[in-house]
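Please open the model in your viewer, and keep the selection tool ready as you read. Each stop below tells you what to select next and what you will find there.

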2 protein chains.
Amino acid sequence: MEKNNGNLVAFRPDIKVVDCTLRDGGLVNNFAFTDEFVKDLYRTNIKAGIDYMEFGYKASKEIFSTKDYGKWKFCEEEDIRAIVGNNDFDMKIAVMTDVGRTDYKNDILKKEDSVIDLVRTATYIHQIPTAIEMIQDAHEKGYETTVNIMAISKVREEELDKGLELLAECDVDVIYLVDSFGAFYPEQIRRLTDKYMNIAEKYGKKIGMHAHNNQQLAFANTIEALTNGASLLDATVSGMGRGAGNCYMESLLAFLRNPRYNLVPVMDFVQKYIKAEKEKGNIWGYDIPYLLTGILNSHPSSAIKFMNEQREDYSRFYQELLDNME
Amino acid sequence: MEKNNGNLVAFRPDIKVVDCTLRDGGLVNNFAFTDEFVKDLYRTNIKAGIDYMEFGYKASKEIFSTKDYGKWKFCEEEDIRAIVGNNDFDMKIAVMTDVGRTDYKNDILKKEDSVIDLVRTATYIHQIPTAIEMIQDAHEKGYETTVNIMAISKVREEELDKGLELLAECDVDVIYLVDSFGAFYPEQIRRLTDKYMNIAEKYGKKIGMHAHNNQQLAFANTIEALTNGASLLDATVSGMGRGAGNCYMESLLAFLRNPRYNLVPVMDFVQKYIKAEKEKGNIWGYDIPYLLTGILNSHPSSAIKFMNEQREDYSRFYQELLDNME
């Protein structure tokens with residue numbers, strides 16, 4: 001039987017795949033990736049035809065200590081260049097800046113002095129005015145820009161609409177639909193993508209999708225957003241990311257069936273690194289505690305704690321979550 | 001933000017949940033479940049509000065040896081009664097009969113002599129005439145009946161339409177949409193569910209959904225079918241089932257949000273049995289080899305062999321699959 005979806009999507013030249021393994025995966029292992037891992041991932045992504053590789057955060061060293069985190073929490077220019085040189089490839093380099101956690105005026109260099117191509121700003125709904133200042137700063141320094149509005153599953157509809165309008169009016173290139181808590185079902189993603197697309201098209205912006213796998217819906221929600229118009233798609237190798245993790249790069253590349261993308265180098269990377277990463281005790285991926293925070297639309301931190309304590313009393317954890325519902 | 005889906009579905013009184021853990025899960029461990037496991041699952045399903053519990057196959061002892069399989073491959077009346085007595089509960093008991101592998105004339109008793117309520121017939125498209133004989137036999141003996149048309153992702157559209165019409169004209173109560181190879185994407189499931197529903201409504205039949213998790217889409221495809229009209233939903237505890245496994249009962253019950261269903265006893269069952277089952281070396285659940293057979297629309301047996309041989313050379317396996325494509 002014909003795979004309409006695959007064919008449909010294969011002819012969407014606007015689609016770009018963003019590898020977030022170091023950034024979202026860094027939340028699993030405190031950014032303690034070996035240089036070998038990072039260099040190999042960089043080479044893998046180039047061979048796989050990935051469009052953007054996110055290296056990590058541009059976190060402020062005033063706020064976070066380099067003793068507590070690996071270098072990809074900070075993404076110093078020289079550290080990125082040690083991996084990519086001048087990045088003489090089509091694949092672009094991205095970093096993330098969190099509102100209130102980034103000394104963006106000093107730490108984001110002018111584009112001509114940096115190998116970074118894309119600055120991604122992550123914001124909560126109430127921080128949007130500050131996010132816009134950061135986006136404008138990056139834009140004026142010469143970077144491509146995207147913005148993630150986080151935790152929208154807890155945001156009232158009219159507030160979200162207002163936030164989207166504010167962002168669409170600034171110079172950001174792409175607005176991301178983000179399911180921070182893995183709380184949304186595909187039908188809701190469809191409706192939200194339509195909302196985001198309506199505003200995006202009015203202002204000539206693109207839409208991105210960043211999903212979490214709490215309900216094993218990260219891939220389903222990503223292709224749902226994709227088939228409804230989203231064009232920047234976040235994924236990580238084997239879904240490596242905080243808590244339940246993200247959309248699996250393997251599934252996404254297989255789905256796209258676009259000759260531009262190649263699944264084989266990603267599978268080779270998984271074979272070489274992912275099992276080893278898990279054997280270090282770095283836990284991620286679907287499990288009942290993440291399902292519970294997902295269906296209760298709450299932050300995964302309590303589920304991560306549950307997993308780290310190697311608890312298995314799921315029902316008791318469920319009651320604890322219900323007792324702590326806002 | 002309102003969970004439209006959940007609310008929408010919560011008011012579908014026609015929905016029935018079918019637990020297939022023993023039957024599809026039995027394909028993982030050769031039906032070697034302890035009586036304690038089976039009794040506890042029975043009690044768990046009653047507490048969880050499950051509508052049907054499938055105990056296993058009614059396989060012919062002429063074809064299969066009782067030395068090679070646990071008793072749930074055969075589902076003798078006395079074995080089921082040893083667990084459920086007269087089953088004085090609302091939950092109904094189901095068994096599966098495979099075309100060509102069941103001595104249905106002798107092994108399916110008259111309903112008044114059996115604690116079984118539902119006989120599910122599994123058929124390939126070319127076996128439908130025989131399947132109809134088996135369905136009529138079960139129907140005349142007094143059972144509810146369902147039929148699974150397997151491997152439809154390899155069936156030509158007009159052949160499927162013809163098969164569906166033939167089945168809809170017989171006395172079967174429910175026709176199942178089955179994604180045997182985990183090859184379908186939600187958009188395809190939507191289209192197929194519409195096709196099945198059109199025929200079902202014409203003949204007063206219901207539609208069921210049985211999904212596999214090769215692409216981590218079993219749950220997404222199940223709720224896609226559900227929101228498009230399917231009313232019998234197959235799931236297994238922690239997705240236990242052949243290869244990549246099935247739709248997770250935990251996710252499905254959480255999604256339904258119907259007061260009739262209760263997630264807590266299922267989580268308690270998972271805590272008590274599932275990790276232990278995996279520690280016995282019984283492997284199931286999403287992994288790259290199953291993703292590959294899924295996207296290549298082929299039987300999971302080669303992926304199961306790959307996993308059992310503890311191979312990790314995914315790319316080579318991918319090439320082997322491509323070399324063996326029909």
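The tour begins with a whole chain and then goes on to single strands, helices and residues.

**Stop 1: the whole of chain A**

Keep in mind from the start that this is a predicted model. Select chain A and display it as a cartoon, in which you can look for 14 helices and eight strands. The radius of gyration of chain A is 19 Å, close to the 20 Å that the globule rule gives for 326 residues, so the chain is as compact as a globular protein of that length. If you turn chain A along its principal axes, its C-alpha atoms fill a box of roughly 55 × 55 × 45 Å.

Now add the surface of chain A, whose accessible area comes to about 12200 Å², with 48% of it belonging to carbon and sulfur atoms. Of the 326 residues in this chain, 64% count as buried. Among the contacts in chain A between residues at least 6 apart in sequence, 76% join residues that are at least 24 apart. If you colour the charged side chains, you will have 39 positive and 52 negative ones in chain A, and the centres of these two sets lie 2 Å apart.

**Stop 2: strands 6 and 7 of chain A**

Select residues 206–210 of chain A, which form strand 7. Is this strand enclosed or open? Four of its five residues are buried, so strand 7 of chain A is largely enclosed by the rest of the structure. Add residues 174–178, which are strand 6 of chain A, and you will see a partner that pairs with strand 7 in the parallel sense over five bridges. To follow the pairing at one place, show V174(A), which stands opposite K206(A) in strand 7.

**Stop 3: loops of chain A**

Move on to Q216(A), which lies in the loop between strand 7 and helix 9 (218–227) of chain A. Although Q216(A) is not a glycine, it has a positive phi of about 55 degrees. Q216(A) is also buried, with a relative accessible area of 6%.

For a second case, select Q310(A), in the loop between helix 13 (301–308) and helix 14 (314–323) of chain A. Q310(A), again not a glycine, has a positive phi of about 55 degrees. Is Q310(A) buried or exposed? At 68% relative accessibility, Q310(A) counts as exposed.

A third loop, between helix 3 (35–48) and strand 2 (52–57) of chain A, holds G49(A). The relative accessible area of G49(A) is 18%, and because buried means under 20%, G49(A) counts as buried. Leaving aside neighbours within four places in sequence, G49(A) is in contact with R260(A) and Y261(A). You can also draw a distance from G49(A) to D90(A), which is 41 residues away in sequence and 8.8 Å away in space, C-alpha to C-alpha.

**Stop 4: strands 1, 2 and 3 of chain B**

Turn to chain B and select residues 52–57, which make up strand 2. Six of the six residues of this strand are buried, so strand 2 of chain B is largely enclosed by the rest of the structure. Strand 1 (residues 16–19) of chain B runs parallel to strand 2 and is joined to it by two bridges, and V18(B) stands opposite Y52(B) in strand 2. Strand 3 (residues 92–98) of chain B also pairs with strand 2 in the parallel sense, over four bridges, and here I93(B) in strand 3 is the bridge partner of M53(B).

**Stop 5: a glycine in helix 2 of chain B**

From M53(B), go to G26(B), which is 27 residues away in sequence and 13 Å away in space, C-alpha to C-alpha. G26(B) has its place in helix 2 (residues 21–29) of chain B, and it is buried, with a relative accessible area of 0%. Not counting residues up to four places away in sequence, G26(B) touches T21(B), F31(B) and F33(B).

**Stop 6: helix 12 of chain B**

Finish with residues 288–295 of chain B, which form helix 12, a mostly covered helix in which eight of the eight residues are buried. Among these buried residues are Y290(B), L291(B) and L292(B). What covers the buried residues of helix 12 of chain B? The cover includes helix 10 (249–256) and helix 11 (263–279) of chain A, together with helix 13 (301–308) and helix 14 (314–323) of chain B. After helix 12 of chain B comes N297(B), whose phi is positive, near 55 degrees.

Definitions and conventions. Residues are numbered from 1 along each chain as its sequence is written. Chains are lettered from A and ligands numbered from 1 in the order in which they are written. This is a predicted model: local features need pLDDT of at least 70, side-chain atom pairs count only at pLDDT 80 or more; totals for chains, interfaces and linings use all residues. Side-chain values use heavy atoms; hydrogens and water are left out. The radius of gyration is taken over C-alpha atoms; the globule rule is 2.2 Å times the number of residues to the power 0.38. Buried means under 20% relative accessible area, exposed over 50%, partly exposed in between (1.4 Å probe, protein chains only). Contact means heavy atoms within 4.5 Å. Accessible areas come from the Shrake-Rupley method with a 1.4 Å probe; for residues, only the protein chains shown count as cover. Lys and Arg count as positive and Asp and Glu as negative; His and the chain ends are not counted. The place of a charge is taken as NZ of Lys, CZ of Arg, CG of Asp or CD of Glu. Two strands pair if DSSP finds at least two bridges between them.
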